[in-house]
Amino acid sequence: MNNKVQFLQALSRYDDYLICSHTNPDADSIGSMLAMYCYLEELGKNVTMVVPDPIPDWPLPNIDKMRALSDQEHDNIIILDCEPKRTGSLLPLIEKAQITFNVDHHKGNHGTCTYNLIDTEQAATCMILYQLFKTVNFDMDYDLAQPLYAGIVGDTGGFRHANTTTEVFKAAADLTAHGAVPHLTAEAIFATKPLEWIRFLGDALTKIETKYENRLVWLVLSDQDFQKHGIDPSQCDQFIDYIRMTAGSEISILFREIAPDVIRIGFRSRGINIHQLALRFGGGGHLLAAGAQVNNRLADTVEQVVAAASKLLEGDRP
Ligand SMILES: [Mn+2]
């Protein structure tokens, strides 16, 4: 039997579900949660969505129904866009669940849940869900199409990253035909920021550092930087999109000190496998876009990571 059919059959079996995703929810995690919520509601299930961190106020159907962590236990939990260990404060709830479902596209997810739908070839978890719902010809209305579209737009960087395939465009076209609104989605996710964010970006970009004639580019944002500007570090993950614009860059790295001595690292590459780099620092992700979080002094972390990235680039030299 087809894995997708088996997964859907299992989903239809129970009445109550908790849906969750990773820390610092992004468009793909939020979109996949909302789409799964919509699907299960249609099946008449009791569904609760919880997030381990605050979410942006994007114009997505049912986003107002997302709740902060509750300690209410659930027998059946659906984890989307990550493996269970990336759910932060939600992990204890998952460990107490009887049946767990996992849909994800991240490398290194070995599918440890009761039911797993893992496809690392897909651009977004929302792509996997799109295909899943298509297998049963589920009626795609706006409530389902819009969040799926948002997730695909988010994880392809607005159809710009290397994961933007023919399949992605076909899905996006189909979702648009079913009500998704491209310009509002793009505006919400990429093009609406508070003034203080824009000013902080301007200040931050003056501090870009480079090596090997810009083949390696990085930016370091300290806890002090965030405090000074009154900016939440979790709102600045897109800064990496600006530093990776540097002409000639092959590896781009964003360091954010999200709390004293807690460093979140974002990696982007134009071709070199930086997933291995993220793995070395306890993280993961994809071949060309990955991340990690380490507990260490900022300066030491930058030194170690830049040294490791340098080795990668030197090894890459002809
Ligand atoms: Mn994703």
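Let's start with strands β10 and β12: β10 covers residues 262-269, β12 covers residues 289-295, and 7 bridges join the two in an antiparallel arrangement. If you want a spot to look for on your screen, find I265, which stands opposite A292 in β12. One thing to keep in mind as we go: this is a predicted model.

Now let's step back to the sheet around that pair. How many strands form this open sheet, and in what order? There are 6, running β7-β8-β9-β10-β12-β11, and the pairing is mixed. The edges are β7 and β11, the latter being residues 284-285, and each of these pairs on one side only.

Let's walk in from the β7 edge. Strand β7, residues 209-211, runs antiparallel to β8, with 3 bridges between them. Here K211 is the residue that stands opposite L216 in β8. The two strands make a hairpin with 4 residues between them, and in that hairpin Y212 has a positive phi, near 50°.

On to β8 itself, residues 216-221. Is this strand enclosed or open? All the counting points one way: 6 of its 6 residues are buried, so the rest of the structure largely encloses it. As a reminder, in a regular strand the side chains alternate between the two faces of the sheet. You can follow that here: L216, W218 and V220 point one way from β8, while V217, L219 and L221 point the other way, and all of them are buried.

The next neighbour is β9, residues 251-259. This time the pairing with β8 is parallel, over 6 bridges. To find the register, look at V217, whose bridge partner in β9 is S252.

Let's move to a helix now, α2, residues 27-42. Why does its length make sense? At 1.5 Å a residue, its 16 residues should span 22 Å, and the end C-alpha atoms are indeed 22 Å apart, so the two agree. The helix is mostly covered, with 14 of its 16 residues buried. After α2 comes G44, which has a positive phi near 80°.

Finally, the overall layout. The domain assignment gives domain 1 as 3-190 and domain 2 as 195-316. Taken over C-alpha atoms, the centres of the two domains are 27 Å apart. Where they meet, 8 residues of domain 1 are in contact with 8 residues of domain 2. On the domain 1 side, the touching residues divide into 1 nonpolar, 5 polar and 2 charged.

Thanks, everyone, and do have a look around the model yourselves!

Conventions:
Residues are numbered from 1 along each chain as its sequence is written. This is a predicted model: local features need pLDDT of at least 70, side-chain atom pairs count only at pLDDT 80 or more; totals for chains, interfaces and linings use all residues. Domain bounds come from an automatic or database domain assignment. Two residues are in contact if their C-beta atoms, placed from the backbone, lie within 7 Å. Ala, Val, Leu, Ile, Met, Phe, Trp, Tyr, Cys and Pro count as nonpolar, Asp, Glu, Lys and Arg as charged, and the others, Gly among them, as polar. The expected span of a helix is 1.5 Å times one less than its number of residues. A residue is buried if 20 or more other C-beta atoms lie within 10 Å of its own, exposed if 12 or fewer, and partly exposed in between; C-beta atoms are placed from the backbone. Two strands pair if DSSP finds at least two bridges between them.
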